[in-house]
Amino acid sequence: MDPMSDQDLSARLKANLRTLTWLDAGRVRVYAAMILVAYIPMMVKVFREATGTVGSDFLAFWGTGRLLLSGPAPRVYDLASEHAAQMAAGTGQMVAYVNPPPYLFLAAPLGLMPYALAWVVWALSGWAIWFLVARRALPNIGAGQDWAGALVVLAFPGAYLAASHAQNGFVTGALLIAAVLTLRRSQALSGALFGLLIIKPHLALLVPFWLAAGRKWTAIAAAAASATALCLASLAVFGLDTWRAYPQSFEVSQILMNQPSAEFFLRMCTPYAALRVLFGATLAMIGQAVITLVTGVLACLYWRRAPSDEAAGAMLLAATALASPYLFSYDLPFLIMPIAFLIGMSRREGWRPWEKTLLVLIWLSPLATRAAALPLGLNFMPIPAAILVGLVWTTWAPQKVAAA
């Protein structure tokens, strides 16, 4: 093959990646359906491990549910009691429960079911509820594209990770997405949903500043009221001693964050974790603080140029993936909202150069970066998260900004 032919091939490949015009709604439906089918044996394998000798993060939630049914609630933060309860699962493994007392409302019903059944119910019902919420982030544009969009949401690799770990990423993801999508219609409802994130407050790190920047004062008041009401409800139901026992879980978290092994941090997906592996704890904290500040500022400033509340919400959620120092791959189902927003915007306004290719890579990134982290010893997830922030930031409507 002569040099000119090599150049032609390279130019064609570059042009193809620049536009990805061949990836139409029909192909998207097929590829997404194939990925969903591939998840079936993957979930079966994970289920066997979760109910076998490997165990699962879900042990913490299920064991907590059993403890709540059999005795005083403060025991959920006692490691010896947790271990005894979780041994009934038969896995031989133990996972500490570290969530705040309001989360006990979710954990309590799980103790009514056998461990294996509870695992399946939690994983699959969470996937379904999250999908019903997340699907609303992608506007309907024709039957064919609508089905393609639904499959893109349902097959999101971040959702598979939440299900395979039987973790709470579906709960927090649904709350974040629903809160963003309802903001334009009802600040009170949106704020109430944001407030429920008291069950995992570090995912709402940017929310108060973002709402204040958007002058959503009703939403801020509703969020404060919702969080307070949920805390008071947990105090009334589970008792003051449970809240007193909660700080015991901080010791577990401190042990995890202070361990010298890189494996724990490679399982995380934050800038802090990536920097911790490469440069140590001090530089990681400094780097994360800078990134959190920058992404928070961008999320707040974007209100000035956002074409809609949904666009501003897309920036908030994209920024959250970088701003929080403590985040795992199973926490990422909320990222489908900024991805869906960009897809919907591009369907209406036209695809920008490289945008479709980048969105495909970002869509795959939760699972791809998770799979590559341990073998390569590197955490790449902050890179696609940063690209997503950049894509949302450059999506705006000058004529609407001028009109405002």
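This section describes annotated segments, internal spaces and selected residues of a predicted model.

The unreviewed UniProt entry lists transmembrane regions at residues 28-47, 112-134, 146-163, 191-211, 217-240, 277-304, 324-345 and 380-398. Two of these annotated segments were examined in the predicted coordinates. Residues 28-47 are 100% helix and 0% strand, with the C-alpha atoms at the two ends 28 Å apart. For residues 191-211, the helical content is 48% and the strand content 0%, and the separation of the end C-alpha atoms is 9 Å.

A search of the whole structure returned 1 cavity of 30 Å³ or more. The largest cavity holds about 50 Å³ of space. Its lining is made up of Leu 266, Arg 267, Met 268, Cys 269, Ser 329, Pro 366, Thr 369, Arg 370, Ala 373, Asn 379 and Met 381. By class, this lining comprises 6 nonpolar, 3 polar and 2 charged residues. Helix H20, spanning residues 355-376, gives the largest share of the cavity lining, with 4 residues.

Ser 365 also lies in helix H20. With a relative accessibility of 4%, Ser 365 falls in the buried class, because buried denotes a relative accessible area under 20%. Beyond residues up to four places away in sequence, Ser 365 touches Arg 370, Met 381 and Pro 384. Arg 370 and Met 381 are also among the residues lining the largest cavity.

The largest pocket encloses about 1,400 Å³ of space. Of its 47 lining residues, Asp 57, Val 95, Gln 167, Phe 328 and Tyr 330 are the closest to the centre of the pocket. The lining of the largest pocket divides into 27 nonpolar, 13 polar and 7 charged residues. At least two lining residues are supplied by each of helix H2 (25-50), helix H3 (58-70), helix H8 (157-164), helix H14 (248-258) and H20. Helix H20 thus appears in the description of both spaces, as a contributor to the pocket lining and as the source of the largest share of the cavity lining.

Among the helices that contribute to the pocket, H8 is largely enclosed by the rest of the structure, because 8 of its 8 residues are buried. The buried residues of H8 are Pro 157, Gly 158, Ala 159, Tyr 160, Leu 161, Ala 162, Ala 163 and Ser 164. Just after this helix, Ala 166 adopts a positive phi of about 50°. Most residues other than glycine have a negative phi.

Positive phi values also occur at two loop residues. Arg 215, a residue other than glycine, has a phi near 60° and is placed in the loop between helix H11 (207-213) and helix H12 (217-238). The relative accessible area of Arg 215 is 65%, so this residue is exposed. Trp 354, likewise not a glycine, has a positive phi of about 75° and belongs to the loop between helix H19 (336-349) and H20. Trp 354 is partly exposed, its relative accessible area being 32%.

A further loop residue, Arg 185, is situated between helix H9 (169-182) and helix H10 (187-195). Arg 185 has a relative accessible area of 57% and is therefore classed as exposed. The C-alpha atoms of Arg 185 and Asp 309 are separated by 9.8 Å, with the two residues 124 positions apart along the chain.

Asp 309 is also the position at which helix H18 (residues 309-323) begins, and this helix contains Thr 320. Thr 320 is buried, at 4% relative accessibility. The side chain of Thr 320 reaches the backbone oxygen of Leu 316 at a distance of 2.8 Å. When residues up to four places away in sequence are set aside, the contacts of Thr 320 are with Leu 203, Leu 206, Leu 327 and Phe 334.

Ile 220 is located in helix H12. The relative accessible area of Ile 220 is 28%, which places this residue in the partly exposed class. Apart from residues up to four places away in sequence, Ile 220 touches Pro 208, Leu 211 and Ala 212. A separation of 24 Å lies between the C-alpha atoms of Ile 220 and Ile 336, which are 116 residues apart along the chain.

Notes: Residues numbered from 1 in each chain as written. Predicted model: local features only at pLDDT ≥ 70, side-chain atom pairs only at ≥ 80, totals over all residues. Heavy atoms only, no water. UniProt positions renumbered as here; feature names shortened; annotations may be inferred. Buried < 20%, exposed > 50% of the residue type's maximum accessible area, 1.4 Å probe, protein only. Polar contact = N/O pair within 3.5 Å; in protein donor to acceptor, adjacent residues only side chain to side chain. Contact = heavy atoms within 4.5 Å. 1 Å grid on protein atoms, 1.4 Å probe; cavity = no way out; pocket = protein on both sides within 12 Å on 5 of 7 lines; lining within 4 Å. Points joined across faces, edges and corners; volume = space filled by probe spheres on them. Nonpolar A, V, L, I, M, F, W, Y, C, P; charged D, E, K, R; others polar.
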